[in-house]
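Colleague: Please take one part of this model and describe it closely, starting from a single side chain and working outwards to its surroundings. I should like a connected account rather than a list.

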Amino acid sequence: MGERARDRAGEIAALRLGLDLGITLIDTAEMYADGEAEKVVGEAIAGRRDQVFLVSKVYPHHGSRRGVVAACERSLARLDTDRLDLYLLHWRGDIALSETVAGFENLRKAGRIRAWGVSNFDRGDMEELLALPSGAHCAANQVLYHLDCRGIEWDLEPFCRSHGVAIIAYSPFDEGRLLRDRRLAALAEREGVTAAQLALAWLLARRNVAAIPKASGTAHVHDNRRAASIELSPALRAEIDRLFPPPKRASALKMI
Ligand SMILES: NC(=O)c1ccc[n+]([C@@H]2O[C@H](COP(=O)([O-])OP(=O)(O)OC[C@H]3O[C@@H](n4cnc5c(N)ncnc54)[C@H](OP(=O)(O)O)[C@@H]3O)[C@@H](O)[C@H]2O)c1
């Protein structure tokens, strides 16, 4: 979002519709459209900030103690708000994690962020982070997770869960590719739902997992909202596991 001026009104309408329908988590980042995505979000949530759980992310190269604070202030200005609910390190860079954690903690104590977390952190990165002073304050790890990419179930997700770190599943439709998968399409048709609803309902049914589909069209927002009321029977879950098997061994975390 925020890439093209001509799409702006539609994007704002889609975000506002999401809020109207009770979809309260909005995920953005300073990187997206070079800050323009945050401005779109700022416009969409104007006057209804308290309805939103607002997440943004800092570039790794802004991850120093002072850099994090300065980047956060710029994001807050673009979002036209006084606080973030969650602030994430977008991926691991070269700056020492202890620096980033110190910056996050300063922002938290100042009330500029309610909580902080990370993104694209694999098991080893999480272990290092949690061993740092205040590292255990990490609230979430945002990672690539969808039906056709279940590697985190091997050890990253159980590890995060056991340490109170929520998983936020990004690209839950594999950037749209998953929705063209014939196995998923056939199963969804038989169940009388859309492929997007089935993919999302499966993620939402998992413990400790939130999902952040991007939908810039209002029809897609309506479609995705309905996923929250779909119950998956044990038989259907077993069938999904046969078509999209859980991992049988450890693998490196994938990222987009
Ligand atoms: N932390 C990270 O490193 C990272 C990396 C990538 C993404 N993310 C986050 O994850 C979010 C989502 O990921 P994503 O945009 O990469 O991929 P995605 O959500 O898996 O897929 C988005 C695509 O699916 C389409 N779509 C949405 N709902 C649909 C529906 N009901 N039926 C059919 N198509 C539908 C969208 O179309 P329309 O837009 O036309 O509605 C768009 O083309 C991003 O916005 C970002 O916040 C984080």
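**From one arginine to the ligand and the core**

Modeller: Leaving aside its neighbours within four places in sequence, R225 is in contact with L21 and I23. The model is a predicted one, and every distance below should be read in that light. R225 belongs to helix α9, which spans residues 218-226. The side chain of R225 reaches the backbone oxygen of L21 at 2.6 Å, so one of the two contacts just named includes a polar pairing with the main chain, and R225 is nevertheless partly exposed because its relative accessibility is 31%. For a sense of scale, R225 and A110 lie 35 Å apart from C-alpha to C-alpha, with a separation of 115 residues in sequence.

The ligand is the next stop. It is surrounded by 25 residues, and the closest of them are D27, S171, F173, S216 and H220. Three side chains can be described by their polar distances. In D27, an N or O atom of the side chain is 2.6 Å from an oxygen atom of the ligand. In S119, a polar side-chain atom lies 2.9 Å from a ligand nitrogen. In D223, an N or O atom of the side chain is also placed 2.9 Å from a nitrogen atom of the ligand. The ligand taken alone exposes 910 Å², of which the protein buries 80%.

D27 leads on to K57, since a polar contact of 2.7 Å joins the side chains of these two residues. A further polar contact, of 2.9 Å, links the side chain of K57 to that of Y32. K57 is located in strand β2 and, with a relative accessible area of 0%, is therefore classed as buried. Apart from residues within four places in sequence, K57 is in contact with D27, T28, A29, E30, Y32, Y87, L88, H90 and Q142.

Y87 and L88 from that list direct attention to strand β3. Strand β2 (residues 53-58) pairs with β3 in the parallel sense, over 4 bridges, and V55 stands opposite L86 of β3. In a regular strand, side chains alternate between the two faces of the sheet. Strand β3 (residues 86-89) is covered on both faces: L86 and L88 are buried on one side, and Y87 and L89 are buried on the other.

The residues of β3 also lead to the nonpolar cores. In soluble globular proteins, nonpolar side chains tend to be buried together. Here the largest nonpolar core holds 63 residues, and those with the most contacts inside it are Y87, M126, L129, L198 and I240. Helix α8 (residues 195-204) gives the most to this core, contributing 8 residues. A second, separate core has 10 residues, among them L86, A115, A140 and I212. To take one residue of the larger core, L129 is in contact with L97, V101, W116, V118, F121, G135 and C138, leaving aside neighbours within four places in sequence.

Two loops deserve a remark on backbone geometry. Most residues other than glycine have a negative phi. N120, which is not a glycine, has a positive phi of about 60°. N120 sits in the loop between β4 (116-119) and α5 (123-131) and counts as buried because its relative accessible area is 9%. D34 likewise has a positive phi, near 55°, and is a residue other than glycine. D34 is found in the loop between β1 (25-27) and α2 (36-45); its relative accessible area of 68% means that D34 is exposed.

A second arginine completes the account. R150 is placed in the loop between β5 (140-144) and α6 (156-162), and its relative accessible area of 6% is the reason why R150 counts as buried. The side chain of R150 makes a polar contact of 2.8 Å with the side chain of D241. Beyond its neighbours within four places in sequence, R150 is in contact with Y145, W202, R206, D241, F244, P245, P246 and P247. Set beside one another, R150 has a side-chain partner in D241, whereas the side chain of R225 reaches the backbone oxygen of L21.

Key. Residues numbered from 1 in each chain as written. Predicted model: local features only at pLDDT ≥ 70, side-chain atom pairs only at ≥ 80, totals over all residues. Heavy atoms only, no water. Core = buried A, V, L, I, M, F, W, Y, C linked by side-chain atoms within 4.5 Å. Buried < 20%, exposed > 50% of the residue type's maximum accessible area, 1.4 Å probe, protein only. Contact = heavy atoms within 4.5 Å. Near = heavy atom within 4 Å. Polar contact = N/O pair within 3.5 Å; in protein donor to acceptor, adjacent residues only side chain to side chain. Areas by Shrake-Rupley, 256 points an atom, 1.4 Å probe, with all protein chains shown as cover. Pairing = 2+ DSSP bridges.
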